[in-house]
Amino acid sequence: MSFRGVDNSNSTKSFFGKKLMIVIIIVLAAGLTFAVWFFFISDSNTAIQNGDNFLPPNCYSINGKQICPKT
């Protein structure tokens, strides 16, 4: 027995609503992963490269070598 006039649009809307939620969650997770990588991992490499910025007083760096004159 079939029912005439039964609308299946509710199940279709629910199906697309669930897919939309999954897509939104995936996009948010990808954005969060990129942000964590960008701020923490990429900054750790620059701290190693800028090591000569932290020289003791009265010292200087030439060609990557630290030179401290004796006084």
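**Close-up views of a predicted protein model**

**View 1. Overall fold of the protein.** The secondary structure of this protein consists of one helix and two strands. The model shown is predicted. Along the sequence, these elements follow the pattern α-β-β. Helix α1 spans residues 9-49, strand β1 spans 60-62, and strand β2 covers residues 65-67. Of the 71 residues in the protein, 1% are buried. The exposed area of the protein comes to about 6,900 Å², of which carbon and sulfur atoms supply 66%.

**View 2. Confidence along the model.** The mean pLDDT of the protein is 77, and 66% of the residues score at least 70. Helix α1 has the lowest confidence, with a mean of 81, whereas strand β2 has the highest, at 85. Where pLDDT is low, the predicted coordinates should not be read in detail.

**View 3. A nonpolar patch on the surface.** Eight residues are shown here: L32, F34, V36, W37, F38, F39, F40 and I41 make a nonpolar surface patch of about 890 Å². One of these residues, F40, is found in helix α1. F40 has a relative accessible area of 61% and is therefore exposed, the cut-off for this class being over 50%. F34, another member of the patch, counts as exposed as well, at 51% relative accessibility. F38, which also contributes to the patch, is partly exposed, with a relative accessible area of 41%.

**View 4. Aromatic pairs in helix α1.** The structure holds three aromatic pairs. In one of them, the rings of F34 and F38 have their centres 6.0 Å apart and their planes at 25°, so this pair is stacked. F34 and F38 are four residues apart in helix α1, which means that about one helical turn separates them. F38 also pairs with F39, in an edge-to-face arrangement with 5.4 Å from centre to centre and 80° between the planes. Ring pairs thus join F34, W37, F38 and F39 into a cluster. These four residues are also among those that make the nonpolar surface patch.

**View 5. The disulfide between C59 and C68.** One disulfide is present in the structure. A disulfide is a covalent bond between the sulfur atoms of two cysteines. Here the partners are C59 and C68, with their sulfur atoms 1.9 Å apart. The link is right-handed, with 115° about the S-S bond. The two cysteines fall into separate classes of accessibility: C59 counts as buried, at 17% relative accessibility, while C68 counts as partly exposed, at 38%. C59 is classed as buried because its value lies under the 20% cut-off.

**View 6. N58 in the loop before strand β1.** N58 lies in the loop between helix α1 and strand β1. Although N58 is not a glycine, this residue has a positive phi of about 65°. N58 counts as exposed because its relative accessibility is 67%, and the cut-off for exposed residues is over 50%. C59, by contrast, counts as buried, at 17% relative accessibility.

How values were computed:
Residues are numbered from 1 along each chain as its sequence is written. This is a predicted model: local features need pLDDT of at least 70, side-chain atom pairs count only at pLDDT 80 or more; totals for chains, interfaces and linings use all residues. Side-chain values use heavy atoms; hydrogens and water are left out. Buried means under 20% relative accessible area, exposed over 50%, partly exposed in between (1.4 Å probe, protein chains only). Accessible areas come from the Shrake-Rupley method with a 1.4 Å probe; for residues, only the protein chains shown count as cover. Patches are made of residues with over 30% relative accessible area and no salt bridge: like charges are joined within 9 Å, nonpolar side chains (Val, Leu, Ile, Met, Phe, Trp, Tyr) within 5 Å. A salt bridge is a side-chain nitrogen of Lys or Arg within 4 Å of a carboxyl oxygen of Asp or Glu. pLDDT is the predictor's confidence in each residue, from 0 to 100. A disulfide is a pair of cysteine sulfur atoms within 2.5 Å. Rings of Phe, Tyr and Trp (its six-membered ring) pair if their centres lie within 6.5 Å; planes under 30 degrees apart count as stacked, over 60 as edge-to-face and the rest as tilted.
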